[in-house]
Amino acid sequence: MDFSFDALPQALADGLAAAFHISEPTEIQSASYGLIHDGRNVVMQSRTGSGKTLAYLLPLLARLTPGEAGNRLLVLAPTQELAVQIANVLRALNAALPVAYSLALLGGGANINHQIDKLKSRPQVLIGTPGRVLELFDRRKINGQTIEAVVFDEVDAISAQENGRLLKLVRKALRQSTQTIAVSASIPDGVQAYLRESLDDPAFLVSSEAAALNPNIGHFVLRCEARKKFDNLRRVLAAMDGKTLIFLNGDEEILHLQDRLAYHHIEVAALSADMKKLDRQKAMHDFRKGVEGILISSDLSARGLDIDDIDQVINMDFPHDPLTYVHRVGRTARGDREGAALSFVSDQDEAAIRIYHRDLGISFTEVHLAGGAVVVGAPEKPDRAEKATKKKSHATKPAQKHQKTRAKQRKSKGQPKRLKRGEH
């Protein structure tokens with residue numbers, strides 16, 4: 001259906017324009033508004049940066065009266081960071097409204113007693129992570145029977161938590177008739193099949209995986225051996241301008257890489273699942289505000305985080321699967337912006353390159369480092385004549401004398417003996 005923001009309640013439309021300075025809905029917002037507003041169950045897959053958060057928030061908020069009490073809407077995210085980001089979208093909107101929608105943020109890792117106190121006022125919108133929300137259900141601090149709509153943001157990641165057990169437990173705590181919206185940039189066939197079977201007449205707004213990638217992202221690969229990745233990373237960071245997000249496959253190497261870069265006077269922020277909540281919040285704040293222009297992370301931050309001005313994503317470790325690649329590179333080129341994704345690849349990654357090209361429709365451009373710049377194209381190989389010249393030149397050099405002989409010569413001439421490491 002054709003949808004414009006004029007269809008929103010006037011206060012909500014005015015607040016939207018004031019908070020986000022947007023006047024036209026995106027394609028996914030236009031396609032989903034009527035379905036969600038009318039109470040349909042919706043499975044929504046759309047490329048990263050396409051406005052999915054507002055696509056579900058706007059029609060659901062339009063059905064609520066700001067300022068009223070009662071838990072009506074539940075939004076779940078797989079990570080604390082994404083839950084905070086969704087809450088911040090609503091807070092920004094609230095700041096531009098004459099009467100705000102009441103909100104409680106229920107992320108794991110925060111003080112649960114403070115959250116229980118917040119729930120006593122019966123806020124309209126609950127935003128949190130599945131584990132913490134289930135704990136509050138068990139303590140009878142949330143009545144699932146009052147929830148009219150539930151949103152599973154990044155539903156594929158939530159369904160992967162404890163093999164789907166958390167998702168099913170949340171749905172079991174709600175009414176069978178509770179409206180369900182499932183959202184992601186990538187929804188695997190198995191998750192789609194579960195939603196199709198378990199939801200009543202769901203509407204599927206699902207694109208292909210290839211379409212889930214933002215066409216404004218340029219995809220580049222730099223071929224190098226694993227042992228040369230760090231030196232190449234330093235050279236790449238020196239050659240690039242703008243805000244950069246670096247991905248590693250595991251959390252254990254993140255702080256180590258941060259320390260190695262700091263040793264070379266490259267200050268970066270780090271985001272790891274092993275860090276304390278306040279440290280993660282500070283890292284995200286510093287990166288978002290530009291205090292630090294580089295952030296190192298595992299896939300913890302790949303899920304749905306919306307930072308408008310990330311210029312490039314670097315995969316220092318190549319992602320394990322195509323969907324992870326989609327979410328990582330989707331952190332750049334938000335909205336209509338352009339961005340770049342540079343991946344360090346070795347021989348063992350060549351098969352994945354072919355699979356990503358086939359399944360995601362990606363055309364990778366090879367680059368190399370030359371003269372302090374990242375240059376498009378493979379590095380030139382020396383021709384045979386040049387190799388022969390170097391070989392001949394090397395062969396005509398006088399043979400080096402044995403190290404022991406040189407030491408004797410130095411001693412006979414009164415020169416000091418060369419110190420070994422640890423000698424004084």
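**Figure 1. Internal cavities of the predicted model.** A search of the whole structure returns two cavities of 30 Å³ or more. The largest cavity holds about 50 Å³ of space. Its lining consists of Leu60, Arg63, Leu64, Arg72, Leu73, Glu148 and Ala149. Sorted by class, this lining has four nonpolar and three charged residues, with no polar ones. Rolling a probe the size of a water molecule over the atoms shows where empty space is left.

**Figure 2. The open sheet of seven strands.** The strand order is 3-4-2-5-6-1-7, and the pairing is parallel. Strand 3 (103–106) and strand 7 (203–206) are the edge strands, each pairing on one side only. On average, neighbouring strands of this sheet are turned by 10° against each other, direction ignored.

**Figure 3. Strand 5 and strand 6 within the sheet.** Strand 5 covers residues 149–153 and strand 6 covers residues 179–184. The two strands pair in the parallel sense over five bridges. One residue pair to locate in this view is Asp153 and its bridge partner in strand 6, Val183. In a regular strand the side chains alternate between the two faces of the sheet.

**Figure 4. Helix 4 and helix 5 against the strands.** Helix 4 (residues 80–95) packs on the sheet and touches strand 2 (73–76), strand 3, strand 4 (125–128) and strand 5. The direction of helix 4 makes about 170° with that of strand 3. Helix 5 (residues 112–119) lies across strand 3 and strand 4. The angle at which helix 5 runs to strand 3 is about 160°.

**Figure 5. The hairpin of strand 14 and strand 15.** Strand 14 (residues 365–370) pairs with strand 15 (residues 373–376) in the antiparallel sense, over four bridges. Ala370 has Ala373 of strand 15 as its bridge partner. Two residues stand between the strands of this hairpin. Gly371 takes a positive phi near 60° there.

**Figure 6. The salt bridge between Glu350 and Arg223.** The side chains of these two residues meet at 2.8 Å, N to O. Glu350 belongs to helix 14 (residues 350–360), whereas Arg223 belongs to strand 8 (residues 217–223). The pair links distant parts of the chain, with its residues 127 apart. In the model, the count of salt bridges comes to 15.

Technical notes. Residues are numbered from 1 along each chain as its sequence is written. This is a predicted model: local features need pLDDT of at least 70, side-chain atom pairs count only at pLDDT 80 or more; totals for chains, interfaces and linings use all residues. Side-chain values use heavy atoms; hydrogens and water are left out. Two strands pair if DSSP finds at least two bridges between them. Axes are lines fitted to C-alpha atoms, for helices over the stretch in contact, and angles run from 0 to 180 degrees between N-to-C directions. Contact means heavy atoms within 4.5 Å. On a 1 Å grid over the protein atoms alone, a cavity is a set of points where a 1.4 Å probe fits but cannot get out, and a pocket is an open set with protein on both sides within 12 Å along at least five of seven lines; lining residues have an atom within 4 Å of a point. Grid points are joined across faces, edges and corners, and a volume is the space filled by probe spheres set on the points. Ala, Val, Leu, Ile, Met, Phe, Trp, Tyr, Cys and Pro count as nonpolar, Asp, Glu, Lys and Arg as charged, and the others, Gly among them, as polar. A salt bridge is a side-chain nitrogen of Lys or Arg within 4 Å of a carboxyl oxygen of Asp or Glu.
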